[in-house]
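The following exercises concern a single protein chain. Each task is followed by a solution that proceeds step by step.

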Amino acid sequence: MENQTDRTEPTRCGFVAIIGAPNAGKSTLVNRLVGSKVAIVTHKVQTTRARIRGIAMEGATQIVFVDTPGIFKPKRRLDRAMVDAAWGGAGDADLIVLMVDMESGRDSDVERIVEGLKAQGRKAILVLNKSDACDREKLLKTAAKLNETGIFTETFMVSALTGDGVADLKRHIAALLPEGPWHYPEDQAADVPLRSLAAEITREKLFLRLHDELPYSLTVETESWEQKKDGSIRIAQVIYVERDSQKKIALGKGGQTIKTIGQMAREELQEMLETKVHLFLFVKVRENWSDDRERYREMGLDFPKE
């Protein structure tokens, strides 16, 4: 592998925050830019809770993408923590990418984000997602309207799902980042502890399987991680729900639901870790876990004050 000292062009490195309304496709875009899965993706809004860093290379430039929770009008403590994390990610970044889903029509959330960027005096790159599923007239009209705000330096029309337009966006971002040494090894794809990433994978499977029944009432924590002598890994995780009725839904009739979720998560973990995984899932009721400071620490979020 070519190393950093072999290069004739100067190395660059910087942090790029991907912000937007919930379910704008931010996690899908980060995974596409990085070239591997570092963030969970579901059709549910507010899937990403904490800031997740995905690391991509573009020539001699290392780009650290920060996938943030969707920015929306918060109603609960957990909502406030997620929105705070998103704005925190934007505030710390060298560049900001505002992603707009052309199909969702979440105009009020986008307007709120634009006003927030204006208040901070920040510029951003505008990315219109799902441009392949939208007619050109609507795309141009949306781009013109948003560019009237004066905060966008460039506009890209992409499809995070298919990758259309993403390479051009990546090259543009790389050229704008400051010269400096890389923060991570060249082959590292994420700055997320494996225990946290494993918990996120299980949470993704719960979201996908349980649809509208539970998603925002649960969280997953990796309780233990043990490397066995044969090279396999034993992982025990706890799924916290808020009520007994939710525990029954998570378990399913005869434990079938949790068994299916465990199988789906185990298969993905084995692929990611390239070794056999023994995954044990336990469902526990913890009333008002979303008001528990320790749960926020486990999720990588600051505990917001009332």
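**Exercise 1. The sheet**

In which sense do β7 and strand β8 (residues 233-241) pair, and over how many bridges? Establish this, then place the two strands in their sheet.

Solution. The model is a predicted one.

Step 1. β7 and β8 are paired in the antiparallel sense, over eight bridges. One residue pair illustrates this pairing: Glu226 has Arg234 of β8 as its bridge partner.

Step 2. The sheet is open and consists of three strands in the order β7-β8-β9, with mixed pairing. Because β7 (219-227) and β9 (277-285) each have a single partner strand, they stand at the edges, and one side of each is left without a neighbour in the sheet. On average, neighbouring strands of this sheet are turned by 20° against each other, direction ignored.

**Exercise 2. Helices on the sheet**

Determine which strands helix α6 (residues 194-210) lies across, and how helix α8 (residues 256-273) packs on the sheet.

Solution.

Step 1. Helix α6 lies across β7, β8 and β9, and runs at about 130° to β7.

Step 2. Helix α8 also touches β7, β8 and β9. The direction of α8 makes about 140° with that of β9.

**Exercise 3. A helix pair**

Describe how helix α7 (residues 244-251) is placed against α8.

Solution.

Step 1. Two packed helices are described by the angle between their axes and the distance between the axes.

Step 2. The axes of α7 and α8 come within 5 Å and cross at roughly 60°. Angles from 65 to 115 degrees would count as roughly perpendicular and those under 35 as roughly parallel; α7 is therefore oblique to α8.

Step 3. From α7, the contact is made by Ile249, Ala250 and Leu251; from α8, by Gln256, Thr257 and Ile258. Sorted by class, the contact has four nonpolar residues, two polar residues and no charged residues.

**Exercise 4. A covered strand**

How many of the residues of strand β4 (residues 95-101) are buried, and which strands pair with β4?

Solution.

Step 1. Buried here means under 20% relative accessible area. Seven of the seven residues of β4 are buried.

Step 2. In a regular strand the side chains alternate between the two faces of the sheet. For β4, Leu95, Val97, Met99 and Asp101 are on one side, while Ile96, Leu98 and Val100 are on the other, and both faces are covered.

Step 3. Strand β1 (residues 12-20) runs parallel to β4 and is joined to it by five bridges. Within this pairing, Ala17 has Ile96 of β4 as its bridge partner.

Step 4. β4 and β5 likewise pair in the parallel sense over five bridges, and Asp101 stands opposite Asn129 in β5.

**Exercise 5. Helix α1 and two positive phi angles**

State whether helix α1 (residues 26-34) is largely enclosed or open, and locate the positive phi angles of Gly35 and Lys130.

Solution.

Step 1. Seven of the nine residues of α1 are buried, so this helix is largely enclosed by the rest of the structure. Among the buried residues are Lys26, Ser27 and Asn31, together with Leu29 and Val30.

Step 2. Gly35, just after α1, takes a positive phi of about 90°.

Step 3. Lys130 has a positive phi of about 60° although it is not a glycine. Lys130 lies in the loop between β5 (124-129) and α4 (136-147). Its relative accessibility is 28%, so Lys130 counts as partly exposed.

Terms used:
Residues are numbered from 1 along each chain as its sequence is written. This is a predicted model: local features need pLDDT of at least 70, side-chain atom pairs count only at pLDDT 80 or more; totals for chains, interfaces and linings use all residues. Side-chain values use heavy atoms; hydrogens and water are left out. Two strands pair if DSSP finds at least two bridges between them. Helices (H or I, at least four residues) and strands (E, at least two) are DSSP runs, numbered from the N terminus. Axes are lines fitted to C-alpha atoms, for helices over the stretch in contact, and angles run from 0 to 180 degrees between N-to-C directions. Contact means heavy atoms within 4.5 Å. Angles under 35 degrees count as roughly parallel, over 145 as roughly antiparallel, 65 to 115 as roughly perpendicular and the rest as oblique. Ala, Val, Leu, Ile, Met, Phe, Trp, Tyr, Cys and Pro count as nonpolar, Asp, Glu, Lys and Arg as charged, and the others, Gly among them, as polar. Buried means under 20% relative accessible area, exposed over 50%, partly exposed in between (1.4 Å probe, protein chains only).
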